[in-house]
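User: I've got this protein open on my screen and I'd like to talk through how it is put together. Can you walk me through it?

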Amino acid sequence: AAAVVGAKEVPAAPGATATPAAAAAAAAASKPAQLVEPGNLYPSVPTAKPVDWVKIGAVALGVVAGYYFFNSTDPGRAVVAAAMSMMSFAKDQLGHIHIHEAERGLLETICLLFTSIVCVPLVVKGVPGGNAVLGYLLGGAIVGPYALGLISDVNNIKHLAEIGVVLLLFNIGLELSLDRLQSMAKFVFGMGTAQVVFTLLGVAGVAMAVAGLPGPGAIILGGSLAMSSTAVAIQVLEERGEMGSRHGRAIFSVLLLQDLAVVVLLMLIPLLAPSPDGSSGGFARIAQALALAAVKAVAAIVGIIAGGRLLVRPLYKKISEFANAEIFAATTLLMVLGTSFLTQLAGLSLALGAFLAGLLIAETEYALQVESDIAPYKGLLMGLFFMSVGMEISVQLFLQKWKEVLAAIVVLIVGKAAVMAAVGPLFGLPRLASLRSGLLLAPGGEFAFVAFGEAVSRGVLPANVCNLLYVVVALSMALTPYLAELGSRLGVILESSDLKTLQPQEEEMKELKDHVIIAGYGRVGQIIAQMLSEQLIPFVALDVSSARVAVGKKKDVPVYFGDAGSYSVMHLVGAERAACAIIALDTPGANYRAVYTMSKHFPHVKTYVRAHDITNAVNLERAGATAVVPETLEPSLQLAAAVLREMEFNTEEVSSIVDEFRRKHLADLQLLSASSGTSLGYGFEKQKMEVGQAGAGAGSAVSSGEGTPILAPAPA
């Protein structure tokens, strides 16, 4: 966009005939100039539509007024009676139509697809803060057995919909690696375990005190409500572009632990079920069963990882040699479903097996193609899963016991958010990030539907309590997008803009290890931070502009106010434990100071620098930079390409001209590299040869086929 604007400012020659493209450019340039925010000029992750709380309040008032009208006035009751009679008449008429089982399945599929393409756009466009998840939930509630009854067998839908969650976890595994997962072990096993245990104890205590449930039932109830919805929470985080934020990584860690805790809870239900004489299993029996489950889980996970590392890469290499896209996609589905089935046989969840399969494939060169292959299946089946959750919402039960339902939702959300806000800081998570994590983890999860059904069949929980909790859990899941927006608003309110709160704190940084330091949170730094966030790579950014830092804080990006040329500041952000540092400051002097500080105090940390020109690049490498990238070449080529396209060169011609110029310019830079002993950021390095060695010289230049000296790549 900036390139086209720059091209428009060039005046046309007198008497020149304007092309259609030039005429359009001139018309656009004649409009009054407007200031554009820097954030709007550079690519960013699409964020969710902000919530309009005024509209939400108006909708809530409308719902209350409608409820009063239809339940407490004669005209309203007459309208309800007429609607019920029309629905009964329609069902009676449809009941005379004989539909075979195969036709019923096809009809249900058509019904689900039609409902989704109607409800999702309506909710996204018409509901304040609405998103696709809410649209699917609403669609499921409408066609489910508690409303229109177009879908009668919800269990069959659930079995297919669960594959959507499986593919979601598989996709997350593709974006991680085993090494990166190992760095999250403290959050997964420490913070995740604390969240589950404390939430279980809190819910169990409330259930025993308020509802009068016995101990075994209260434990199962607490464990079921301690779980959160992996599918909904991750979907909301991805839509808001917050998956790589601190609270996003914390939420993912807790959800991963919850997938493991599901195994324990499912084993506890039969052990806590009353026996014919009215007693439940003893402590020794429960401990033995849990120990056996832990051994099976560890053996299954280790076996899958060890076997997968041996088989996955050779398998995909053989399949790729066939050059058949369908067979390649079928291999991926076989890997996902096969690994999920193995973990289920070991008593673990299907989703955990898919996650392990994703981790294994992420270590291969086929990860990008695999991710592209599963994207259509994942999106469609995730929508089906959300619709199956919406089918559990009973509107009649909600209207009958709306006070109890709303009270339970409030207690559940406030309680789970408070637990996470208290637990997070114990494991190095900032208090604000802990609160935002708690809000997204506060709703119930899809596992509660499975656990409640099993508990009722075993006599651990009464059926009337579980029916009410189905509505509580489903509605709380529907609130997840609004809770995420509430957390964002709280972050803006609670985050002070004074410099002290913007500076890095030692207690927040002491756990950082193998992270990336970004010095400069301007245009380049923000794009690099976005790329690292998308890959879940930990990083810390520094900037001396409090305005930039405040903008980053609002997005929960770990950016702090500080001078990258100061040893104390770099020590605070854990420079001695960093994997590397990226220097992208505004002035050559600031870049030089930051490079000098890193090379003097932290020489083992590799430093990559953006240089303003070639002379500055040479000085920076002499100061100790690992590699330097001049900022003049690629932007200039992009500007030139935009102008060439404006002059009606076709795409192939533009690409050829730019590539040819790039090759010539790189040859010049490589000659300069050989003479100055620098790399200039193009992946080449002067090979130092000992004095007296045959053929020794200033650089390891070799001659290309055309006689142009080039530098050989440095040995690994």
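Analyst: Let's settle one term before we start: a residue counts as buried when its relative accessible area is under 20%. By that cut-off Phe252 is buried, and Phe355 is buried too. Keep in mind that this is a predicted model.

User: How many helices and strands does the protein have, then?

Analyst: Start with the whole chain: of the 716 residues in the protein, 44% are buried. Among contacts between residues at least 6 apart in sequence, 71% join residues at least 24 apart. As for the secondary structure, the count is 32 helices and 8 strands.

User: Back to those two phenylalanines. How are the rings of Phe252 and Phe355 arranged: stacked, edge-to-face or tilted?

Analyst: A pair of aromatic rings is described by two things, the distance of the centres and the angle of the planes. The structure holds 9 aromatic pairs. For Phe252 and Phe355 the centres are 5.7 Å apart and the planes sit at 55°; stacked needs under 30 degrees and edge-to-face over 60, so this pair is tilted.

User: And how many residues apart are Phe252 and Phe355 along the chain?

Analyst: Phe252 belongs to helix α13, while Phe355 belongs to helix α16, which spans residues 350-362. The pair links distant parts of the chain, and the separation is 103 residues.

User: Which helix gives the largest share of the largest nonpolar core?

Analyst: That core has 118 residues, and the members touching the most others are Phe170, Ile220, Leu221 and Phe452. Take Phe452: leaving aside neighbours within four places in sequence, its contacts include Leu221, Leu461, Leu469 and Val473. The largest share of the core is 14 residues, from residues 246-272, which is helix α13.

User: There's a second, separate core as well. How many residues does it have?

Analyst: Its members include Leu542, Met570, Leu620 and Val628. Leu542 and Met570 also touch each other. The size of this second core is 27 residues.

User: Let's zoom in on Leu542. Is it buried or exposed?

Analyst: Leu542 sits in strand β2, residues 539-543. Beyond residues up to four places away in sequence, it touches a list that includes Ile518, Tyr521, Tyr560, Val569 and Val573. Its relative accessible area is 1%, and since the cut-off is under 20%, Leu542 is buried.

User: What separates the C-alpha atoms of Leu542 and Ala519?

Analyst: Ala519 is among the residues that Leu542 touches. Along the chain the two are 23 residues apart, yet their C-alpha atoms are separated by 4.9 Å.

User: Now Asp514, in the loop between α25 and β1. What value is its phi near?

Analyst: That loop runs between α25 (506-509) and β1 (516-519). Asp514 has a relative accessible area of 51%, and exposed means over 50%, so Asp514 makes the cut as exposed. Its phi is positive in a residue other than glycine, with a value near 55°.

User: Last one, on the surface. How does Val395 count: buried, partly exposed or exposed?

Analyst: Val395 lies in helix α18. Together with Tyr67, Leu399, Trp402 and Leu406, Val395 makes a nonpolar surface patch of about 400 Å², to which α18 (395-400) and α19 (402-423) each supply at least two residues. Its relative accessibility is 40%, which falls between the 20% and 50% cut-offs, so Val395 counts as partly exposed.

Note on methods
Residues are numbered from 1 along each chain as its sequence is written. This is a predicted model: local features need pLDDT of at least 70, side-chain atom pairs count only at pLDDT 80 or more; totals for chains, interfaces and linings use all residues. Side-chain values use heavy atoms; hydrogens and water are left out. Helices (H or I, at least four residues) and strands (E, at least two) are DSSP runs, numbered from the N terminus. Buried means under 20% relative accessible area, exposed over 50%, partly exposed in between (1.4 Å probe, protein chains only). Contact means heavy atoms within 4.5 Å. A nonpolar core is a set of buried Ala, Val, Leu, Ile, Met, Phe, Trp, Tyr and Cys residues joined through side-chain atoms within 4.5 Å. Rings of Phe, Tyr and Trp (its six-membered ring) pair if their centres lie within 6.5 Å; planes under 30 degrees apart count as stacked, over 60 as edge-to-face and the rest as tilted. Patches are made of residues with over 30% relative accessible area and no salt bridge: like charges are joined within 9 Å, nonpolar side chains (Val, Leu, Ile, Met, Phe, Trp, Tyr) within 5 Å. Accessible areas come from the Shrake-Rupley method with a 1.4 Å probe; for residues, only the protein chains shown count as cover. A salt bridge is a side-chain nitrogen of Lys or Arg within 4 Å of a carboxyl oxygen of Asp or Glu.
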